[in-house]
Amino acid sequence: MADVKEFDLLIAGGGLAGTSIACALDSVGISTAIIESVAMDASSQPSFDDRAIALSWGSRRIFEGIGIWDAITPTATPIHHIHISEKGRFGQAHLDAQEESVEALGYVALARDIGHALQQRMLGSKVHRFCPATLIDFKADDEKVTAMIEADGKSENVTAKLLIAADGKESGIRKALGIESHESDYEQAAIVSNLLAGKAHDNIAYERFTTEGPLALLPMTDNRFGVVLTVPQEQVDEYLALDDAAFIEQVQKRIGFRCGRFHQAGKRTSYPLVLMRTEAITAQRVALVGNAAHALHPISGQGFNLGLRDIATLVDVVTDAIKQGEDPGSEAVLQKYAKWRKQDVRS
């Protein structure tokens, strides 16, 4: 029988969450492996698509700690102002970076650019990659978790002190553990695209609430806006089938002409909108992060940022445990992670 590979931590899932935590753990010198079913290049990884992601100031700090912010910043656009309004109402809300005494309220970056920066960081890391590979089964005991991995038609066993589930909203690990999740289906979908603005966007992000559904416009490079247009689920195909001019008209109807007249629409994709909460984010020698642990409506701009805070917290507690000669997958470490995340996720 072949030797069993042993690691401190094993990460299931090589999307944005999985590669972020792998890079963060590499920064602190912890023996880590990652399992991903899709070949690791930004063009084929579905997590590294053309979505515009709003990164908070805290997320910037996390990426600085990982060592990839300098690679992201050339194509990231700072948000200096946020304009919030409701169609048919006179009241408006404004947030201003200068008034908040920060360099920016946040940043807008493409998931693809973040993914590319993470992959480049991975190339120079000591993280062991099982890719393309699939997690077939796993079992945890008082000492370790043993995972069966299949790659190229062959299977092998790998052990780790802690298994990290970064395998998305439909997490197979969460389901295998029997951790219940509760979903609230908004019966809506987000149509995601980008539009060229008719006048300078001046680094303003817009949130617009209308009877048809909310709209978010995120400032991007080349005077574009990343668009998140919420529509009823039954109208998704209709919106995707619109020609560019008709789609632009739909956005224009919701926001008016405060951004000028839009033109040059980018590729459109859609994502169903659900709120998903889990009964627990830990089990014996297993920790859930990112969408495996929770999913939010994207109009809040908090989903990926919340996942990054999962990662930062887990890295902190695991690093502290190893520095003190403790077991990084122990019940005490996992309880600390769950306790620290509970209030943030709830709020």
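# Pocket, sheets and turns in a predicted model

Trainee: This is a predicted model, I gather. How much space lies in the second largest pocket?

Mentor: Yes, the model is predicted. The space in its second largest pocket comes to about 500 Å³.

Trainee: Which element gives the largest share of the lining of the second largest pocket?

Mentor: The lining has 22 residues, and Thr278, Ile281, Lys342, Val345 and Arg346 lie nearest the centre. Strand E16 (269-278), strand E19 (294-295), helix H8 (303-323) and helix H9 (331-346) each give two or more residues. The largest share, six residues, comes from H9.

Trainee: How do the residues of that lining divide into nonpolar, polar and charged?

Mentor: Let us sort the lining of the second largest pocket by residue type. Five residues are polar, seven are charged and ten are nonpolar.

Trainee: Now the sheets, please. In the open sheet of three strands, which strands stand at the edges, and why is one side of each left without a neighbour?

Mentor: Start with the order, which is E3-E7-E4, with antiparallel pairing. A strand at the edge has a single partner strand, so one side of it has no neighbour in the sheet. The edge strands here are E3 (52-56) and E4 (77-79).

Trainee: What is the bridge partner of Ala52 in E7?

Mentor: E3 pairs with strand E7 (residues 106-110) over five bridges, in the antiparallel sense. Within E7, the partner of Ala52 is Leu110.

Trainee: Which helix lies across E3 and E7, and at about what angle to E7 does it run?

Mentor: The strands themselves twist by an average of 30 degrees from one to the next. The helix across E3 and E7 is H4 (residues 111-123), and its angle to E7 is about 85 degrees.

Trainee: Tyr107 is in strand E7. What kind of aromatic pair do Trp69 and Tyr107 form?

Mentor: Six aromatic pairs are found in the whole structure. In the pair of Trp69 and Tyr107, the centres are 5.0 Å apart and the planes are 70 degrees apart. Planes over 60 degrees apart count as edge-to-face. The pair of Trp69 and Tyr107 is therefore edge-to-face.

Trainee: How many residues apart are Trp69 and Tyr107?

Mentor: Trp69 belongs to helix H3 (residues 69-72), while Tyr107 belongs to strand E7. The pair links distant parts of the chain, and the separation is 38 residues.

Trainee: Which are the edge strands of the open sheet of eight strands?

Mentor: Read the order from end to end: E6-E5-E13-E14-E15-E12-E16-E19, with mixed pairing. The edge strands pair on one side only, and they are E6 (92-96) and E19.

Trainee: In that sheet, which residue of E13 stands opposite Ile84?

Mentor: Strand E5 (residues 81-86) pairs with E6 in the antiparallel sense over five bridges. E5 and E13, in turn, pair in the parallel sense over six bridges. Opposite Ile84, in E13, stands Glu207.

Trainee: Which residue takes a positive phi near 90 degrees in the hairpin of E5 and E6?

Mentor: This hairpin has five residues between its strands. The residue with the positive phi is Gly88.

Trainee: And which residue has a positive phi of about 55 degrees although it is not a glycine?

Mentor: Look in the loop between strand E10 (145-151) and strand E11 (154-165). The residue there with this phi is Asp152.

Trainee: Finally, is the peptide bond from Cys131 to Pro132 cis or trans?

Mentor: Pro132 sits in the loop between strand E8 (128-130) and strand E9 (134-140). With omega near -10 degrees, the bond from Cys131 to Pro132 is cis.

Methods. Residues are numbered from 1 along each chain as its sequence is written. This is a predicted model: local features need pLDDT of at least 70, side-chain atom pairs count only at pLDDT 80 or more; totals for chains, interfaces and linings use all residues. Side-chain values use heavy atoms; hydrogens and water are left out. On a 1 Å grid over the protein atoms alone, a cavity is a set of points where a 1.4 Å probe fits but cannot get out, and a pocket is an open set with protein on both sides within 12 Å along at least five of seven lines; lining residues have an atom within 4 Å of a point. Grid points are joined across faces, edges and corners, and a volume is the space filled by probe spheres set on the points. Helices (H or I, at least four residues) and strands (E, at least two) are DSSP runs, numbered from the N terminus. Ala, Val, Leu, Ile, Met, Phe, Trp, Tyr, Cys and Pro count as nonpolar, Asp, Glu, Lys and Arg as charged, and the others, Gly among them, as polar. Two strands pair if DSSP finds at least two bridges between them. Axes are lines fitted to C-alpha atoms, for helices over the stretch in contact, and angles run from 0 to 180 degrees between N-to-C directions. Contact means heavy atoms within 4.5 Å. Rings of Phe, Tyr and Trp (its six-membered ring) pair if their centres lie within 6.5 Å; planes under 30 degrees apart count as stacked, over 60 as edge-to-face and the rest as tilted.
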